[in-house]
Amino acid sequence: MGRTEKKLMGKNAPIIIDILKKAYCDEMRIFHYFWYVGINMEGIGLVTYAAALKTQATGELGHAELLADRISELGDIAPSDPAEWKQLSTIGPLDPSKHLTLRSALERAVEFEGKAVENYNGLAKKALEVGDYVTYNLATTILADEVKDEQHTEDVLKSLEVK
Ligand SMILES: [Fe+2]
Ligand SMILES: [Fe+2]
């Protein structure tokens with residue numbers, strides 16, 4: 001952590017680092033979910049939607065990178081062990097091989113994208129409360145992406161309804 005930021009953040013840094021680490025774990029698991037489903041998707045989704053899922057996967061990986069950078073700036077390091085990702089994660093069990101049809105993949109995605117919206121909202125609030133404007137800015141940037149992700153996933157799911 002830079003000297004000035006260390007002084008400004010004081011005892012609040014560990015609180016923010018904890019939330020950033022949890023978010024990092026969620027993003028890495030969500031990245032893997034989209035990436036895996038994008039490769040192994042079954043049925044019509046493979047032709048129509050697999051590429052979109054891979055693009056979404058790289059978006060989530062980008063979030064993970066932003067979080068890892070901020071964790072480093074605050075003098076810590078992102079969790080490296082996938083066992084830790086599962087332990088610190090806030091989105092529950094997530095085995096992509098159980099969601100290989102388009103509908104199932106998107107239904108699970110709506111759940112964790114919604115959770116991501118909640119989490120980044122919480123992070124933004126907390127960061128503002130402790131005067132960590134850099135993390136606040138990061139949280140609102142990612143939050144805007146997650147709001148879009150959730151909305152888009154809901155829209156695609158609705159379009160699957162038989163009319
Ligand atoms: Fe994300
Ligand atoms: Fe997302």
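Student: How many residues does α7 have, and what distance does it reach from its first C-alpha to its last?

Tutor: Keep in mind that we're looking at a predicted model. At 1.5 Å a residue you'd expect α7 to span 39 Å. The model comes out close to that expectation: α7 has 27 residues and reaches 39 Å.

Student: And what about α4, how far apart are its end C-alpha atoms?

Tutor: Try the same reasoning here. α4 has 24 residues, so at 1.5 Å a residue it should span 34 Å. The model agrees with that, as the end C-alpha atoms of α4 are 35 Å apart.

Student: OK, so are α4 and α7 roughly parallel or antiparallel to each other?

Tutor: Look at the angle first: α4 and α7 pack at about 175 degrees, with their axes 11 Å apart. An angle over 145 degrees counts as roughly antiparallel. Therefore α4 and α7 are roughly antiparallel.

Student: Which residues of α7 make that contact with α4?

Tutor: On the α4 side you'll find G59, H63, L66 and R70. By class, the contact of α4 with α7 has four nonpolar, three polar and two charged residues. From α7, the contact takes V134, T135, L138, I142 and D145.

Student: Which residues of α7 are buried, and what covers them?

Tutor: The buried residues of α7 are T135, L138, A139, I142, E146, D149 and T153. To see what lies over them, look around α7 for its contacts. The cover includes α2 (13-40), α4 (50-73) and α6.

Student: You mentioned α6. How is it oriented relative to α7, roughly parallel or antiparallel?

Tutor: Helix α6 covers residues 102-129 and helix α7 covers residues 133-159. They pack at an angle of about 160 degrees, with their axes 8 Å apart. That angle is over the 145 degrees cut-off, so α6 and α7 are roughly antiparallel.

Student: Which hand does the crossing of α6 and α7 have, and how many nonpolar residues are in their contact?

Tutor: The crossing of α6 and α7 is left-handed. Sort the residues of their contact by class and you get five polar and six charged ones. The nonpolar ones number 17.

Student: Let's go to α2 and α4. Which hand does their crossing have?

Tutor: The axes of α2 and α4 come within 8 Å and cross at roughly 160 degrees. That makes α2 roughly antiparallel to α4. The residues of their contact divide into 18 nonpolar, three polar and five charged. As for the hand of the α2 and α4 crossing, it's left-handed.

Student: Is G38 buried or exposed?

Tutor: G38 has its place in helix α2. Its C-alpha atom is separated from that of A50 by 4.4 Å, though the two are 12 residues apart along the chain. G38 also touches L53, K54 and A57. With 22 other C-beta atoms within 10 Å, where 20 or more is the cut-off, G38 is therefore buried.

Student: W35 is in helix α2 too. Why does W35 count as partly exposed?

Tutor: Leaving aside its neighbours within four places in sequence, W35 is in contact with K54 and A57. The C-alpha atoms of W35 and A57 are separated by 5.3 Å. Being buried takes 20 or more C-beta neighbours, and W35 counts as partly exposed because its number inside 10 Å is 18.

Student: Last one: which residue just after α4 takes a positive phi?

Tutor: Follow the chain out of α4, which ends at residue 73. Just after α4, there's a phi of about 90 degrees, and the residue is G75.

Key
Residues numbered from 1 in each chain as written. Chains lettered and ligands numbered in written order. Predicted model: local features only at pLDDT ≥ 70, side-chain atom pairs only at ≥ 80, totals over all residues. Axes fitted to C-alpha atoms, helices over the stretch in contact; angles between N-to-C directions. Helix = DSSP H or I, 4+ residues; strand = E, 2+ residues; numbered from the N terminus. Parallel < 35°, antiparallel > 145°, perpendicular 65-115°, else oblique. Left-handed = near helix turned anticlockwise from the far one by under 90°. Nonpolar A, V, L, I, M, F, W, Y, C, P; charged D, E, K, R; others polar. Expected span 1.5 Å × (residues − 1). Buried ≥ 20, exposed ≤ 12 C-beta atoms within 10 Å, placed from the backbone. Contact = placed C-beta atoms within 7 Å.
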